[in-house]
Amino acid sequence: MEKLKTLLVANRGEIATRIIKTAKNGTIKIAKDHDVNAIIPGYGFLSENAEFARDVAAAGMAWVGPSPDSIESFGLKHTARDLATKAGVPIVPGSDGLIQNEEDAVKESERLGFPVMLKATAGGGGMGLATCSNVQEVRDAFTMVKSRGETLFKNAGMFMERFYPDSHHIEVQVFGSGMGKAIHFGERECSIQRRHQKVIEECPSPFVEKRPELRSELCSAAVRLTESIKYGSAGTIEFLVDDRSGDFFFLEMNTRLQVEHGITELCYDVDLVKLMLDQADAQLAGRGGLHSEELAKLQPSNPTGAAIEARVYAENPAKDYAPSPGTLQIVDWKVSKCSRVDTWIHTGTIVSSHYDPLLAKVMVHTGSREQSIQEAQMVLSQSRICGPPTNLDFLASIVADARFRDGNTMTKFLSDFKYSPNAMDVISGGAYTTVQDYPGRPTMGRGFPHSGPMDPVAFQIANLLVGNPPSTEGLECTLDGPELRFLSTAIIALCGAPMDVKVDGDSMPMWSRQFIKAGQKLKIGKTTGGGCRSYLAIYGGLPSVAEWFGSKATSPGVAVGGYQGRQLTAGDLLSLVKEVPDNLQHPLALPDGLIPDYPSHWNILAMPGPYQEDYLTDKDVQMIYETKWQVSHNAARGGIRLIGPKPKFARPDGGEGGGHPSNVAEYGYPVGTLNWTGDDPCIFPVDCPDFGGFISSTTIIKADYWKMGQMKAGNTMQYIPISLDAALSERIRIDVFIEIIAEACSTNGDFSNIKPLHSSPTLDPISLDDTKAIIHHIRQKGNQPQTYYRQGADSYLLVEYGDGTFDLNHRCRVTALNKALSDASSPINFSSGLINTVGCCTSLLLHYDILRLPRSKLLTHLIALESQLGDLSATKVPSRLFHLPILFNSPKEKAATTRYMETQRPYASYLPDNLDFVAKNNGLQRDDLIHILLTSKLIAVSVGFFAALPLCLPVDPRLRLSCPKMNPSRVFTPEGQVSWGGSCMALYNVESPGGYQLTGLTIPGCDILGSKRGYSLERPWLFEDFDQLTFYEVGEEEYQRELALFHSGRYEYKIEDTVFDMAEHNALLLSTREEVRAMKARQRKAQDAMQQHEDALMARWMEEKAAGKVPMDKVEALLSDPQITKITSPLNANVWKIVVEEGDEVAENTAVVVLEAMKLEISVNAEAEHAGGKVEKLIVRPGDVVNAGDPICLVRK
């Protein structure tokens, strides 16, 4: 380029990437050293804004496009018709100028003859026009077109043209020098349109190819019109061509680059964007434009081969092709040497609802139209975009249609084109419906939950009934299921907790194979008995749902897997397989006697561990097994809270793990374990965090996971102790039960010889004295620490080093042990029965398959490895040093604290300022704490919890802070939160629950779909064990700028490669021993005082909560008034929000209170009997716990 050095692309999406592709070749690479001197708008948006073009010129820059006068000349369709007439180009018969009123529109339509088309003069892109077949339709359309013109184009003017139903939309690509010379690059056919928006385009036109003389006439007319106004740059002249006669009429001129320009480039071997830049460069150089001779040399004769373009949109064909925003979980184009995809999307792109939903232009170019059709069919049918619905299958169906293949592509093509996707349309998502498969992703780790079905028994049987492998993805429906409209035939089965199920209003039996016809609606209603989850299996599964690390299972807590990482909602579309085998269309049902029981009281088989003896008293252990625990309203996939007595604990505090005796140094959590978060018990199911710092005393055996998954709020449960041998027998019994059902389903359907699966099997009693968590202990010897081997039921084993204090020597040993277990040559490894490991500072949790790897064999191998590891005190470990920004006192952090105080606990020793609390708890001033955060090197001792959170310990023992975790823990933590709990810092990568104290904000270190800089789909996490983190302070403005760079995928982490030297570290520990002892004494003194303060505040809070409740005798007295009626809670729940105030009038079906249960929000509405009444008394407050049937509000009529 002679003058054009820097280019601003004034657009977005695929056209911006298309322009940049060319610009990078000649101009954009040197733009960093120069000011912008040209702007190119692409198409749409600013491309036809004459005022903007003038502003660009006034600022001394070149406008890469036609002159403002040219834009205005053709911007109004009625003036464009006049220009065409003057240039001798035929126009569609129509009105002479603009139509002024409705009556004029009627008269003009009668003069022209029906059908007619009413058009907004400033319209474009198929917007602001209407086809009318009679006078009434003209009257109806007049107001609409006028309104659309005013709203979209700031111009209410309109005109009318005769409508040709059997016609083609053919356009000619032109290019002018701006000095009276123009050339053409042939024609394109754009006849296949939906709502006047182009869908498929071709170059050359198959209609014109059969009429060679027509190309000459069209192109000559187009050039003549272009030259008549001395047009400069690229433009497109659109014609309407009558299918019968071949007569053509001018429609409009688009004074910009067209969406479909790419197929012209392919057939004529031209780069239109480069030509536009050359034209702008010539204008900047003062030459007015490209020389006529230079341009004339570019005039081609005929196209080479044939090209087809298909526009790929994020749109839902089941919702009349409405835009469908969302996250693209997989983008995988099936490209070849004959194809070109202009796109702006990639895996991880979020499609916004604020813009046009065009995702890509798929183009193919071969030597013939027949070959191009085959190539287009291949690309469209084999490319994969997972996430929100797209029109890929719709496009593939068009190019496979016989009429398209024959070249019979008129503008009415889609009016009678029959297309119905093989899919089911989500009318309602139900209370909580997710995609799951079995077993989920138990090998993933790093804070990404196992996922999978909560009840694997019902899930697998549902799949077997429909002819699927038992692992195939299906839907998990909780409490109240979805309503689904099947757009194609399907084979389904629903198994699990009894629910009210109907197909087109008629009851459908569960636990049976059902044939669903296209168009039928399936409504899975509320549970009608025990249990809370049912599973919908569909033959062939859900092929359009993306896999993430080998599984389609959804884990909404970290937004991975399933349908866009979330539960289903109305408007979602799930693809189904295209063909259903005939042999599956006969009835098949599981006999009633084989359907599992779903009682209201559950006996759950469990084993001790990982932490029981020395952490709980003997009476605590006895209490756990003797108590009939009540299931709380907080019972969800991430945790099932229990209501019952509190343990006394065997320790006064948690040592370096935290101030509460339930605290320990972080370790890996087994699935099914009973975790003590403070005094409160919580069972951890399949979506639990993979490590944490609270003790887990009792763990459910794998055979009883299905029972854990069916317990719901208000149920009761009791732990039944069981031996390892009995647990193994139960596991085999479950597996055999499913295997025999699988055989029966795949053969003759004979279930007669199968023994039922009882929810409470008869077992030999076991004494609690015989149940211990520790199954082996090695005493300390030199630099080899003492080692405990703790069981976690029949699937987990925890190897723990030391005495519960944080020691990087132990972390080094954990790493060495894990490396030894990962050795493929080892007799026990991940190919022989190990499933996954979770390493923390002092321990390694092993998840193993006891059916393949007996625990005794595993334990023997681990003991042998311990002697082989030897002395690691002088080891050097590879490490990386991260320099991250940190913002103190952020609005987000304050908002999270305010939310906690308003919805969970109003005051505590750590409120309202966590940073002040952490400082005081360590005998420091606030500035001292900030100094420590800015000068410490924090080493990652584990990566996990939720979404690859790094848990870090200060390398320098003199800088190791200590503080208790929040009690209760938070339900919300902002992304990028730097926090402190126990002796460790944690960085929350995503919004999640958490209990660590909030001490600053930084840049997150996780990208679920791996599209950001520094990440990949195979490695969506940033931090690794032994990475070191340091912080530098920034202000709010700089932090928001850095965070915006992260969200846009452009943030560059500051990283240095280094080595962590254990010998050097141990020397530091030795030399600072006395300083650390003095520091801990100071901390203990401060912590004792803070704990006394916390105890007093907790007691006060508990008293106020109890005192604030409305006495039941007062409630009963009010209810004795016949004018008073009560509104009650429909289930056990937590009161989240009070919508009304005392004295408010209520109406039928309006919300009074919003409850929260099982991670769901449930509105409690006034009914007909309350309508018109006023709230007399509110009985509950936010944060209160209510049971089903409890009064929450009294209304006076």
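Helices here are DSSP runs of H or I with at least four residues, and they are numbered from the N terminus. Keep in mind that this is a predicted model.

With that in hand, take helix α15. Just after α15, Gly467 takes a positive phi of about 90°. At the other end, where α15 starts, a side-chain oxygen of Asp455 comes to within 3.0 Å of the backbone nitrogen of Val457. How many residues of α15 are buried? It's 10 of 10, so to speak a helix that is mostly covered. Among them are Pro456, Phe459, Ile461 and Leu465.

Next, the sheet. Six strands, or 6 in digits, make an open sheet in the order β22-β23-β30-β25-β28-β32, with antiparallel pairing. β22 (433-436) and β32 (588-589) sit at the edges with a single partner strand each, so one side of each has no neighbour in the sheet. Helix α15 (residues 456-465) packs on this sheet, touching β22, β23, β25 (490-496), β28 (512-516), β30 and β32, and its direction makes about 155° with that of β25. Within the sheet, strand β23 (residues 474-478) is joined to strand β30 (residues 533-538) by 4 bridges, and the two run antiparallel. Thr478 has Arg533 in β30 as its bridge partner.

Another antiparallel pairing brings together strand β51 (residues 977-981) and β54, again over 4 bridges. Val978 stands opposite Gly1000 in β54. Strand β54 (residues 997-1001) has 5 of its 5 residues buried, so the rest of the structure largely encloses it.

Helix α4 (residues 77-86) has Lys77, His78, Ala80, Arg81 and Ala84 as its buried residues. They cover an arc of only 155° around the axis, which puts them on the same side of α4. Gly88 follows α4, and its phi is positive, near 75°.

Now for the aromatics: searching the whole structure turns up 29 aromatic pairs. Here are two of them.

| Pair | Centre distance | Plane angle | Type |
|---|---|---|---|
| Phe185 and Tyr268 | 6.4 Å | 75° | edge-to-face |
| Tyr910 and Phe917 | 6.0 Å | 70° | edge-to-face |

Planes over 60 degrees apart count as edge-to-face, which is why these pairs get that label. The Phe185 and Tyr268 pair links distant parts of the chain: Phe185 is in strand β8 (residues 182-194) and Tyr268 in helix α9 (residues 261-268), 83 residues apart. Phe185 and Tyr268 are both buried, and both Tyr910 and Phe917 are buried too. Elsewhere, Tyr321, Phe394, Phe413, Phe417 and Tyr419 form one aromatic cluster.

Terms used:
Residues numbered from 1 in each chain as written. Predicted model: local features only at pLDDT ≥ 70, side-chain atom pairs only at ≥ 80, totals over all residues. Heavy atoms only, no water. Pairing = 2+ DSSP bridges. Contact = heavy atoms within 4.5 Å. Axes fitted to C-alpha atoms, helices over the stretch in contact; angles between N-to-C directions. Buried < 20%, exposed > 50% of the residue type's maximum accessible area, 1.4 Å probe, protein only. Arc of directions from axis to C-beta. Polar contact = N/O pair within 3.5 Å; in protein donor to acceptor, adjacent residues only side chain to side chain. Phe/Tyr/Trp six-rings, centres within 6.5 Å; stacked < 30°, edge-to-face > 60°.
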